[in-house]
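This report describes a protein model through its charged pairs, its surface and a few local details of its helices. The sequence and structure come first, and the description follows.

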Amino acid sequence: MATTLPKPPKIEFDRLPSQGSGNGGWRNLVPADGEMRRVQDYSPPPASTGIWVGLASITMTFAAFTSALVVRQGAAPDWRHITLPPVLYLNTLVIIASSVTLEISRRRVAAFMGGLKDRAENPTRWLYATLFLGILFVAGQTYAWLQLKAQGFGIATNVSYSFFYVLTVAHALHLLGGLGGLTRVIAKLNKSALRRSTLDATSRYWHFMGVLWVYLLFLLWMKL
């Protein structure tokens, strides 16, 4: 004997009550108090996504340079080993110090923007210190290039010198981008319009430039 089951009730979501949501039920995710900022905090900021894509691209670029250097050294009978200018080692300390000052400033900015303005020290001077150290690093690199050129070692002197100039100049150009980012952060902070995602993205880029330089110095010391 067949048993007839009752048809399950049909639920219409458009008619569900929207009490307490303040946003029209399921069709809108805006909070009841109307503050869309709380929802936006859960989505990845474009600055964060963009910086990771940029760092991946830079990593691939310098990986290609490294591969070319290793292959060219092994296949070149005219490869000449060079003595690195001492200022490069001083520059390493400078860029490490800039990462320290930037991390201090990042923590101070977090306190400054988190409602602790009365107790937090103004972080702008730490950002200026980072900017100054970055400019000092580029000046040191320029001095190293001029020093080698004065000794008669230009970019066309030998293939080893060519790689030295290409690697150090490429890094310095990318570092200039970081200096531009720091300048933008300082300007936005002075206008009280700085977002945490912008500061975090700039910090990641700058720290990456520091790590990249330490790697390049080790590479140049080992291969040149």
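A salt bridge is here a side-chain nitrogen of Lys or Arg within 4 Å of a carboxyl oxygen of Asp or Glu. By that criterion Arg-107 is joined to Glu-103, with 3.7 Å between the closest N and O atoms. The model is a predicted one, and every value below is computed from it.

**Overall architecture**

The protein contains six helices and zero strands, so that, in the order read from the N terminus, its elements run α-α-α-α-α-α. Of its 224 residues, 37% are buried. Among contacts between residues at least 6 apart in sequence, 76% join residues at least 24 apart. The protein exposes about 14100 Å², and carbon and sulfur atoms supply 64% of that area.

**Charged pairs**

The structure holds four salt bridges, and three of the pairs are described in the table, each with its distance between N and O atoms.

| Arg partner | Acidic partner | N to O distance |
|---|---|---|
| Arg-106 | Glu-103 | 2.6 Å |
| Arg-107 | Glu-103 | 3.7 Å |
| Arg-196 | Asp-200 | 3.8 Å |

Side chains of opposite charge can pair when their charged atoms come close. Where do Arg-106 and Glu-103 lie with respect to one another in helix 3? They are three residues apart in this helix, which covers residues 87–113, and are therefore separated by about one helical turn. Arg-107 and Glu-103 also both belong to helix 3, at a spacing of four residues, again about one turn of the helix. An α-helix has 3.6 residues a turn, so residues three or four places apart point the same way.

The partners in helix 3 can also be described by their accessibility. Arg-106 is partly exposed, at 21% relative accessibility, and Glu-103 is likewise partly exposed, with a relative accessible area of 21%. Arg-107, by contrast, is exposed, its relative accessible area being 58%.

In helix 6, which covers residues 196–223, Arg-196 and Asp-200 are four residues apart, about one turn of the helix. Asp-200 counts as buried because its relative accessibility is 16%, and the limit for that class is under 20%. Salt bridges that share partners join Glu-103, Arg-106, Arg-107, Arg-196 and Asp-200 into one network.

**A nonpolar patch on the surface**

Tyr-89, Phe-218, Trp-221 and Met-222 make a nonpolar surface patch of about 480 Å². Helix 6 gives the most to this patch, with three residues, whereas Tyr-89 is found in helix 3. Tyr-89 is partly exposed, with a relative accessible area of 39%.

**Helix 5 and the loop that follows**

Helix 5, formed by residues 159–190, has 32 residues, and the distance from its first C-alpha to its last is 47 Å, close to the 46 Å expected at 1.5 Å a residue. Just after helix 5, Ser-192 takes a positive phi of about 60°, and this is a positive value in a residue other than glycine. Ser-192 is placed in the loop between helix 5 and helix 6. Is this residue buried or exposed? Ser-192 is exposed, with a relative accessible area of 63%.

**Two buried threonines**

Thr-101 is found in helix 3 and is buried, with a relative accessible area of 11%. Its side chain reaches the backbone oxygen of Ser-98 at 2.8 Å, and the side chain of Thr-101 also makes a polar contact with the side chain of Thr-130, at 2.7 Å. When neighbours within four places in sequence are left aside, Thr-101 is in contact with Trp-126, Ala-129, Thr-130 and Leu-133, so Thr-130 appears both in this list and as a polar partner.

Thr-202 has its place in helix 6 and is buried, with a relative accessible area of 14%. A polar atom of the Thr-202 side chain lies 2.9 Å from the backbone oxygen of Thr-198. Leaving aside neighbours within four places in sequence, Thr-202 is in contact with Gly-181, Leu-182 and Val-185.

How values were computed
Residues numbered from 1 in each chain as written. Predicted model: local features only at pLDDT ≥ 70, side-chain atom pairs only at ≥ 80, totals over all residues. Heavy atoms only, no water. Buried < 20%, exposed > 50% of the residue type's maximum accessible area, 1.4 Å probe, protein only. Patch = residues over 30% accessible without salt bridge, like charges linked within 9 Å, V, L, I, M, F, W, Y side chains within 5 Å. Areas by Shrake-Rupley, 256 points an atom, 1.4 Å probe, with all protein chains shown as cover. Expected span 1.5 Å × (residues − 1). Polar contact = N/O pair within 3.5 Å; in protein donor to acceptor, adjacent residues only side chain to side chain. Contact = heavy atoms within 4.5 Å.
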